[in-house]
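These are my notes from one sitting with the model. I wrote down what I looked up and what came back.

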Amino acid sequence: MSGRHAPHWLSRNTVPLTMQRVIIALAPVTLCTLLWFGVGVISNLLLLVLFCAALEAAALTLRQRDVRAGLADCSAIVTALLLGLTLPPALPWWLLLVAAVFAIALAKHVYGGLGQNPFNPAMVGYLAVLIAFPDDVARWPQPAFAGMDQVDAVSAATPLDSIKMQLNQMRTMAEITAQPAFGLLAGRGWEWINLAALGGGLWLLRKQVISWHVPGSMLLTLAAAYFLLFAFTPATQPSPVIGLLSGGTMLAAFFIATDPVSGAASDTGKIIFGIGVALFCFGMRTWGAYPDGIAFAVLLMNTAVPLIDRWTAPRIYGHRERPR
Amino acid sequence: MRVPLSKIARPGWGIAFDTRGNSADLSALSLPERVCVPLQQHIGSAATPVVKPGDRVLTGQPLARAAANRLGAAVHAPLAGRVQAIARQPGPGRTGLAVSIESDGTDERWPGYTAHRDPLRLSTSALRSAVVQGGIVGLGGATFPAGVKLNRGSGVDTLILNGVECEPVISCDDALMRTDVDAMLLGAQIMLRILEADSCIVALKDGMADALQTVTTALQTLADDRFSIAILPPVYPAGGEAQLIELLTGREIPAGGLPWDSGAICQNVATAAAVAHLLRSGEPLISRIVTVTGAVVAPANFRVRIGTPISHLIAAAGGYTDTSSRQLIMGGPMMGIELPDDSLPVVKATNCIYVPTIDELPATAAELPCIRCGDCATACPAHLMPQLLLQAQATSDTERMQSLGLQDCIECGCCDYVCPSKIPLTRRFVAAKQELWDIAFEKRRAAKARERIAARTTRQQRQQQEQADQLAAQTHNVSDTDTAHQKLQELLQRTGADREDPS
Amino acid sequence: MITAIFILAGIALVVGLGLTLVNRTLPQNDQSPLDELEALLPATQCAQCGYPGCRPYAEAILAGTADINRCAPGGDATVTAIARLLGRHTATVDPAYGAYQPGHVAVVDEAACIGCALCIAACPVDAIVGAHRYTHTVIRDECTGCKLCLPPCPVDCISIVPLRPATRQAA
């Protein structure tokens with residue numbers, strides 16, 4: 001007699017396995033970013049993984065928790081990777097450390113560690129350095145495939161940024177997209193990074209690590225919003241394709257907004273969450289001060305999660321009304 | 001005649017198990033030398049013994065009758081022999097009074113129950129009282145007294161014969177449908193007559209091809225247009241009563257209500273067969289089919305007399321294949337209970353003896369924090385949100401637990417199964433339910449106590465007043481009334497103080 | 001400058017009016033804090049908290065002379081409820097004031113009872129019946145398990161036993 005209790009069978013799915021799958025699914029987009037932006041991406045990722053793991057261990061020690069189990073769940077690595085993929089390459093180490101402190105120590109452990117954080121840690125870390133050091137973080141180098149056709153090494157505006165600036169200078173979309181910074185579908189390089197994120201995300205869907213609700217509703221809403229404005233004013237509005245394949249859209253749709261800890265609980269709630277992220281993101285991109293508002297959009301919707309959970313709790317079997 | 005057949009789509013909840021390869025063959029089993037029959041094998045109160053140690057009993061003779069005016073069921077002698085003792089003995093999941101009988105090998109039948117050639121001619125009240133007398137309880141595992149559920153006038157229009165058997169390793173219902181289909185259908189007709197219901201759905205699981213064939217053929221011969229067949233996906237817990245009613249009729253058992261409030265009830269296929277055996281052959285519930293599976297040499301189904309030691313079954317199945325580290329589970333891997341050893345008897349609830357192999361049971365993994373992945377909410381057949389319930393439970397927020405539907409948890413274990421953090425959710429919820437029950441009980445008790453305290457205080461005040469009045473009447477003649485009043489006040493104060501000081 | 005002042009004053013006015021309106025429309029709470037607090041206590045009158053009854057203890061809590069964690073019969077749930085009502089930090093029952101034992105009742109060992117009627121006077125809820133020189137017994141459904149009848153009994157024939165309901169709910 002071992003004191004076992006029903007159920008005696010348990011699935012083989014575990015939190016570390018889930019996190020490891022997320023890491024595997026991030027491989028294509030990491031590789032793509034590396035190809036277009038060079039070794040600076042690697043130094044970023046390595047330093048961030050180091051910082052995040054060290055901070056996680058330190059926080060767990062301070063909180064007197066099991067450090068080994070806390071590191072083995074790989075959640076700090078996922079946060080580090082997401083941070084590394086949203087920050088421009090080859091940032092100074094101290095800036096990465098600040099981002100990691102905000103993500104792991106403040107956004108995660110101050111609230112009680114894994115599973116308790118109301119905000120997405122990676123996005124908190126990213127926004128902290130974006131707001132504090134805009135000169136370093138808002139500017140990306142010109143993407144160059146495998147370093148071959150490198151025009152110049154100086155920083156330039158991202159496609160979303162340059163669209164915004166040039167539209168303000170009364171250029172039309174046709175003129176803008178004809179420039180060398182744009183490729184077949186959207187910004188050069190960025191289109192491939194987004195497609196790689198989409199591929200990894202679809203694999204996660206297939207492995208049932210994430211459900212379709214958040215990415216589906218978010219991408220559809222974003223596409224619809226872009227399409228509505230684009231249909232009326234195609235000259236001064238980027239097309240839905242550019243909207244979906246620019247900035248961190250796909251990464252956010254499949255890897256960031258799907259974070260279960262800071263996201264909505266029910267399926268309906270997830271759909272509302274996705275729609276909200278898309279609308280905020282679209283609004284900020286079109287009318288806001290920052291070229292890509294996706295990180296703000298995710299954090300804004302994180303704040304709405306308790307309310308969404310309250311509204312969208314499914315009706316319990318045998319009850320007429322939803323629980324309140 | 002064509003038998004209506006419907007196929008039910010896979011619901012969003014639950015866990016899909018691959019159940020192919022379950023051996024459903026029925027093997028012969030010798031009579032045990034000794035049986036131990038617990039007096040409580042059902043939901044409700046223990047039965048009251050009607051035999052004494054030393055009595056000779058015959059097969060099918062009542063050993064104990066259902067406790068008067070309580071929910072319960074009678075218990076019968078599974079074989080002929082001498083009653084050795086009536087004493088407290090450990091049974092599966094519960095220790096209580098049990099009757100030990102040593103077999104005399106004759107298996108002589110007790111003649112007290114009449115065998116009817118056509119039970120359907122009997123009056124409904126006669127049929128129902130026979131079901132109650134026969135000690136028949138739900139044989140799916142819940143052991144709810146069948147007679148209570150078969151209640152005319154409860155507004156039930158649909159009887160569901162539950163042969164879904166959604167727990168992965170069990171195949172006793174499959175075996176029953178393949179070997180005893182006529183009794184099962186007669187039992188269903190009897191129940192329909194008692195209920196005055198007009199439709200009966202035989203529910204099977206996808207993959208029970210032989211059983212489906214047998215039932216279809218039997219129904220074609222029977223040509224009763226009240227019957228139809230439904231095939232359910234191999235999803236756990238599609239065979240749970242509430243879930244089955246929802247899947248087959250679209251109705252739900254209202255919260256806090258009882259199954260028949262939905263207008264439909266489920267009876268296990270074996271329960272129906274037991275009713276038919278009782279009325280047609282005069283045999284009360286003294287045996288049932290039990291699946292023996294897992295790490296045994298020859299997994300099989302046996303028709304087992306109630307009270308047979310489990311070791312007898314294991315021996316009939318060829319013994320254990322792995323003797324080093326052995327566990328024994330009564331029931332299936334999702335809701336079964338662990339047994340301490342194989343000396344315990346088979347009871348009416350024993351649908352399966354499952355000996356898990358070591359690699360089938362997960363190593364006890366450390367519990368990780370909940371990451372709110374929501375897999376549990378997707379799996380929950382009651383549409384609860386276990387991840388939020390867990391939060392409420394962790395903060396002892398009883399109100400939130402109640403509003404999140406803790407009482408509607410059916411304890412199926414789906415959330416535990418899918419949880420990537422390996423949190424024992426079901427066990428927590430069961431404990432929390434008990435806690436809620438305690439709190440509600442204490443609240444009721446407190447409200448009543450408050451009333452009684454108020455009544456007592458009023459009474460004491462009245463008594464004091466009466467005493468004071470008497471005293472006043474006695475001292476009325478004293479000229480110095482002020483002194484008397486002062487004395488009275490002192491007296492009142494003293495008595496009051498005496499009463500207030502508990503030491 | 002002037003505009004800013006006007007805007008802020010305007011906002012304050014609107015918010016103030018709104019708050020007043022909400023305050024008027026929301027249901028009023030007529031119960032006194034003392035009654036509300038007493039309703040949360042288990043009404044055992046057991047005096048384990050050091051006060052002669054539940055109401056005196058509630059008075060002491062409101063006066064700030066007693067902590068909220070002294071009610072052992074109420075258990076942690078009661079402490080949590082009090083903490084929520086008063087907006088205090090939640091706590092667990094201080095074991096110095098006894099252990100939480102839900103669902104317990106007193107039982108008189110009728111063979112040993114001498115019929116002295118002392119326990120009858122001690123019972124705050126009149127749950128013990130009997131008369132002088134006759135065996136006493138406890139009405140199970142009315143007993144709160146407060147243990148107040150234990151000290152007066154000269155022959156120690158009363159014990160506190162768990163009361164577990166036989167069936168929780170017909171499944």
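**Entry 1: cysteines in chain B**

Why does the sulfur of B:Cys414 not make a bond with the closest cysteine sulfur? I worked on a predicted model, so each number below is a computed one. I found the closest cysteine sulfur to that of B:Cys414 in B:Cys412, at 3.6 Å. A disulfide needs the two sulfur atoms within 2.5 Å, so 3.6 Å is too far for a bond.

I then tried B:Cys415. Its sulfur also has B:Cys412 as the place of the closest cysteine sulfur, but at 6.3 Å, which is again too far for a bond.

I checked whether these residues are buried or exposed. B:Cys414 is buried, with a relative accessible area of 1%. B:Cys415 is buried as well, at 11%. I ended with the total: over all chains, the structure holds 0 disulfides.

**Entry 2: which chains touch**

I listed the pairs of chains in contact and got 2. Chains A and B share the most contacts of these. Chain A and chain C have no contact joining them, and their closest C-alpha atoms lie 15 Å apart.

**Entry 3: chain A against chain B**

I counted 38 residues of chain A in contact with 57 residues of chain B. For size I used buried area: the size of an interface is often given as the accessible area lost when the parts come together. Chains A and B bury about 4000 Å² between them, and carbon and sulfur atoms account for 58% of it.

Which three residues supply the most of the area that chain A buries against chain B? They are A:His8, A:Trp9 and A:Tyr317, with 24%.

Next I looked at charged pairs. The interface of chain A and chain B has 2 salt bridges. I looked up one of them, A:Arg315 with B:Glu252, and its closest N and O atoms are 2.8 Å apart. I also noted 20 residue pairs in polar contact across this interface.

**Entry 4: chain C against chain B**

Here 33 residues of chain C are in contact with 25 residues of chain B. The buried area is about 2500 Å², with 51% from carbon and sulfur atoms.

How many salt bridges are there between chain C and chain B? The count is 5. I looked up the salt bridge of C:Arg84 with B:Glu399, where the closest N and O atoms are 3.9 Å apart. The count of residue pairs in polar contact between chain C and chain B is 13.

**Entry 5: inside chain C**

I took the domain assignment of chain C, which gives domain 1 as 33-97 and domain 2 as 103-163. The contact between them takes 5 residues from domain 1 and 4 residues from domain 2. The C-alpha centres of the two domains lie 25 Å apart.

The two domains of chain C bury about 370 Å² between them, 58% of it given by carbon and sulfur atoms. On the side of domain 1, C:Thr44, C:Gln45 and C:Cys46 supply 73% of the area buried against domain 2, more than any other three residues. The residues of domain 1 that touch domain 2 divide into 2 nonpolar and 3 polar, with no charged.

I looked for salt bridges between the two domains of chain C and found 0. The count of residue pairs in polar contact between these domains is also 0.

Note on methods: Residues numbered from 1 in each chain as written. Chains lettered and ligands numbered in written order. Predicted model: local features only at pLDDT ≥ 70, side-chain atom pairs only at ≥ 80, totals over all residues. Heavy atoms only, no water. Buried < 20%, exposed > 50% of the residue type's maximum accessible area, 1.4 Å probe, protein only. Domains from an automatic or database assignment. Contact = heavy atoms within 4.5 Å. Buried area = accessible area lost by both parts, 1.4 Å probe. Salt bridge = Lys/Arg side-chain N within 4 Å of Asp/Glu carboxyl O. Polar contact = N/O pair within 3.5 Å; in protein donor to acceptor, adjacent residues only side chain to side chain. Nonpolar A, V, L, I, M, F, W, Y, C, P; charged D, E, K, R; others polar.
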